[in-house]
Every structure is written in structure tokens, then in C-alpha cells.
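Colleague: Please pick one part of this model and give me a close look at it, then work outwards from there. I would like the geometry spelled out, with the cut-offs behind each term.

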Amino acid sequence: MNDIFLSACRGERVSRIPVWFMRQAGRSLPGYRKLRAKHSLLKLVQSPELAAQVSMEPIELLGVDAAILFADIMLLPIAMGIEVRMVDGIGPVIDAPIDRAEKVSQLEPFDAERVEYLNETIRILRSKLSVPLIGFSGAPFTLASYLIEGKSSRSWIKTRRFMTEHPESWKKLMSALSVGIIKYLEMQISAGAQAVQLFDSWVGCLSPEEYRTYVLPHVQRIFTALKKTGVPRLHFGTHTAGILDDFANVDCEVIGVDWRVSLSEAKRRIGRKSIQGNLDPAMLLAPWTTLKSTVDGMLDEVNSKKGYIFNLGHGMLPEVDHAVVRRLVEYVHSK
Ligand code: 1CP
């Protein structure tokens with residue numbers, strides 16, 4: 001069993017730096033693409049044998065030190081009674097978004113039966129994997145942004161307007177999501193997930209003041225509730241340089257950062273927690289010499305085999321060549 005990822009999460013010294021990549025399962029990999037040619041994303045996610053196969057592919061092909069459950073952040077809203085369509089080339093679409101304060105009550109309590117298949121996927125993975133399995137959920141802000149906007153956004157105007165116009169309804173929405181997230185992650189941990197990551201992909205659009213007022217208490221509640229499970233808890237977001245002091249000030253083991261902040265600055269602001277990141281995903285498309293010198297720079301800044309997990313600063317792009325990624329994993333392992 002290779003558990004250097006878990007050791008690094010807990011801040012222990014490891015023999016070599018653990019590596020995994022956000023969005024490593026799917027998109028860029030040949031086995032996944034073959035399966036996707038035959039099945040929809042939701043069909044794959046709901047078929048434990050196939051989903052497990054997708055989670056396993058990067059372990060063999062890329063040589064990474066952790067597997068991530070093949071699922072999507074939108075499974076939680078689905079388990080809370082929201083109808084979500086996954087549209088190719090766009091992402092999640094909600095035809096009846098929560099675009100008015102009265103609609104918050106449409107969100108039902110988390111119903112584990114609606115995502116029961118994940119337990120089976122996790123059990124299959126645990127019986128086959130020789131690296132730890134990471135479970136995950138979207139964070140309340142990022143999930144709320146899809147529920148309110150109805151689809152992907154790069155300005156989140158409706159979300160931020162909702163937040164300031166209807167602070168009480170916003171609180172209700174964030175609380176309902178947080179309770180659901182806790183149950184959802186507890187379910188994954190009970191089934192065998194050995195670490196959990198909260199993806200707050202879009203929260204970096206907020207000011208530090210907004211983050212503290214509208215988001216932080218809810219995220220804190222989630223991490224506090226999960227402490228008793230004993231598994232490492234990872235908190236990831238992008239564009240978080242402006243809010244990093246608050247973002248990192250939650251009760252968790254690992255903070256994931258993107259490439260818009262240097263690892264040395266992030267380390268300074270994060271303090272004693274472990275750090276995960278932060279290669280620009282586009283760097284995987286650069287010539288090897290450029291990629292290598294960027295990675296050398298990152299490793300120089302970290303300068304330690306304690307409390308560091310090599311990862312991207314955001315998800316792996318579909319265009320990447322897995323031979324390059326494998327070479328990179330071997331290179332980081334050799335350092
Ligand atoms: O490693 C993996 O790719 C497998 C598991 C996984 C994960 C961790 C999927 C499957 N989705 C996610 C997380 C996820 N989903 C996030 C958080 C991480 C991030 O920021 O990238 C987010 C924001 C989503 C929402 C989502 N689902 C999007 C993004 C839309 C946007 O606003 O930009 C998309 C395109 C999807 C569909 C989806 N989910 C997963 C895959 C492999 C796909 C693509 C489907 C396909 O084209 O085959």
C-alpha cells in the first residue's frame with residue numbers, strides 16, 4: 001500500500017513527494033474517452049464497475065499516488081432533489097434554477113439513496129487500489145453558484161446579487177447545502193474514502209469581507225463536523241490569493257492553491273497546514289524544458305518533503321498528453 005499521500009496530508013515527512021492531479025480521472029485519458037463514446041457522464045458515474053475503472057485509469061497510466069472517486073459536484077444537488085442535466089461542452093445545466101428567494105425551499109434534505117451507487121463504486125475501488133481514495137464534494141458557494149445561475153458562469157452576478165439582496169435566504173441555502181455536504185461526505189467516508197476534498201472552485205470571486213460574512217461560517221461548520229471522522233480534509237479553491245488568510249483559517253489538514261499565488265507566499269500564509277498545488281494546468285502543454293524549470297522552481301520554493309502534495313492549481317485540461325504527465329510524475333518522484 002502506497003500511502004505517502006495520506007502521510008503528506010498529515011504533515012509527516014515522506015520518502016518522495018506525492019503527486020495527484022485534480023480532474024485526473026476522465027477527459028484527457030483514452031480509456032475514459034472510449035467509455036464516454038458509449039455512455040453519458042451520469043450513466044458512467046451511476047455504473048459502479050465502469051466508474052471504478054475510470055478512477056483507476058490514472059493510477060496505472062500516470063503513476064499518481066492517489067485516486068479520486070469518479071463523480072461530479074452536481075451529484076449532491078441531485079441527491080437534494082434538484083434536476084440537473086450534464087450537457088456536453090457546457091457542464092451542468094439546471095432548467096429550474098433557485099433564482100428567487102422563495103425557491104430555496106425547493107432544496108430537499110440529502111437523500112443518500114439517490115447516490116447509493118457511489119458506495120458500491122467506493123467499495124470496488126478500495127478492494128482494488130494500492131493508493132488512497134479521495135472522496136469529494138463541491139463547497140456550498142460553488143454549488144450555490146450553479147443552483148442560482150442555472151449553469152456555468154464566469155461573473156457570478158446573479159449569485160452575488162442573491163447573496164447581498166436576500167441575506168437570510170442565502171443563509172438558508174448555504175446551511176441546507178452544508179448539512180447535505182456533511183452527510184454526503186460522511187457517507188463517502190463510511191463507504192471507504194480515505195480523505196475528502198471540498199472544491200470551492202469559484203469562491204475566489206468574492207472580497208475578503210464577503211467571504212468572511214457569506215461563506216466562511218458554513219465552510220467552517222463542514223470541516224468541524226468532519227473532524228471526528230479522522231480522515232484528512234482538503235480545502236481547495238481558485239483565485240484565493242485575496243482571501244487566503246481566511247480561506248486557510250478553517251479546521252482542516254490541507255489547503256489547495258492555484259498558480260496565481262507563489263508556493264512560498266501561500267506556505268507563509270497557510271502556516272502549519274499541508275499545502276497542495278499549484279502548477280498552472282496550461283504548463284502541461286508547454287515544452288518539456290519550460291515545464292521542468294517551472295516545476296523545479298516550485299520544488300525549490302517548497303524545499304521540503306514534509307506537508308507538501310504536488311498537484312495542479314486547477315483541473316487537468318482535456319488536451320494534455322498523458323505521456324507528458326507520466327514523465328512529470330516520474331520527475332517529481334525523482335526529486
Ligand atoms: O477527475 C475527474 O475528472 C473525475 C471526477 C470529477 C470531479 C472531481 C468530475 C467528473 N467532476 C469533478 C469536479 C467538478 N465538477 C468541479 C470542481 C473541480 C473544478 O473546478 O474543475 C466542478 C466545478 C464541476 C462542474 C462541472 N462538471 C463542469 C465545469 C463547468 C464549469 O462551470 O466550468 C463540467 C464540464 C462538468 C462535467 C464533468 N464532470 C466530470 C467530468 C469528467 C466532466 C466532463 C464530462 C465529459 O466531457 O466527458
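## A close look

Modeller: Happy to! Let's start with the side chain of Q24, where a polar atom sits 2.9 Å from the backbone oxygen of A66. A second polar atom pair links the Q24 side chain to the backbone nitrogen of F21, at 3.0 Å. (A polar contact is a pair of N or O atoms within 3.5 Å; within protein, one must be able to donate a hydrogen and the other to accept it, and residues adjacent in sequence count only if both atoms are side-chain atoms.) Before going on, please keep in mind that this is a predicted model, in which local features need pLDDT of at least 70 and side-chain atom pairs count only at pLDDT 80 or more, while totals for chains, interfaces and linings use all residues. Numbering runs from 1 along each chain as its sequence is written, and side-chain values use heavy atoms, with hydrogens and water left out.

Q24 belongs to the loop between helix 1 (4-9) and helix 2 (30-38); helices (H or I, at least four residues) and strands (E, at least two) are DSSP runs, numbered from the N terminus. With a relative accessible area of 0%, Q24 is buried (buried means under 20%, exposed over 50%, partly exposed in between, with a 1.4 Å probe and protein chains only). Leaving aside residues up to four places away in sequence, Q24 touches L29, P58, I59, V64, A66, A67, I68 and M316, where contact means heavy atoms within 4.5 Å.

Next, the ligand. It is surrounded by 25 residues, and the closest are Y32, Y146, S152, S201 and H314; a residue counts here if one of its heavy atoms lies within 4 Å. The side chain of S201 brings an N or O atom to 2.5 Å from a ligand oxygen, and R154 places a polar side-chain atom 2.8 Å from an oxygen atom of the ligand. On the nitrogen side, a ligand nitrogen is 2.7 Å from an N or O atom in the side chain of D72. Taken alone, the ligand exposes 880 Å², and the protein buries 89% of that (Shrake-Rupley areas, 1.4 Å probe).

For a regular element, take helix 13 (residues 288-302): its 15 residues should span 21 Å at 1.5 Å a residue, and the end C-alpha atoms are indeed 21 Å apart. The expected span is 1.5 Å times one less than the number of residues. W288, L291, V295, D296, M298, L299 and V302 are its buried residues. Viewed down the axis they fall within an arc of 165°, so they line one face of the helix; the arc is taken from the directions from the helix axis to the C-beta atoms. Their cover includes helix 12 (263-270), strand 8 (274-279), strand 9 (308-312) and helix 14 (322-334). T289 and D300, on the other side of helix 13, are exposed.

Finally, some backbone details. Just after helix 13, N303 takes a positive phi of about 50°. W156, in the loop between helix 7 (140-149) and helix 8 (157-165), has a positive phi near 55° and is buried at 9% relative accessibility. H239 also has a positive phi, of about 55°, but at 44% relative accessibility H239 is partly exposed. In strand 8 you will find N278, joined to G277 by a cis peptide bond with omega about -10°.
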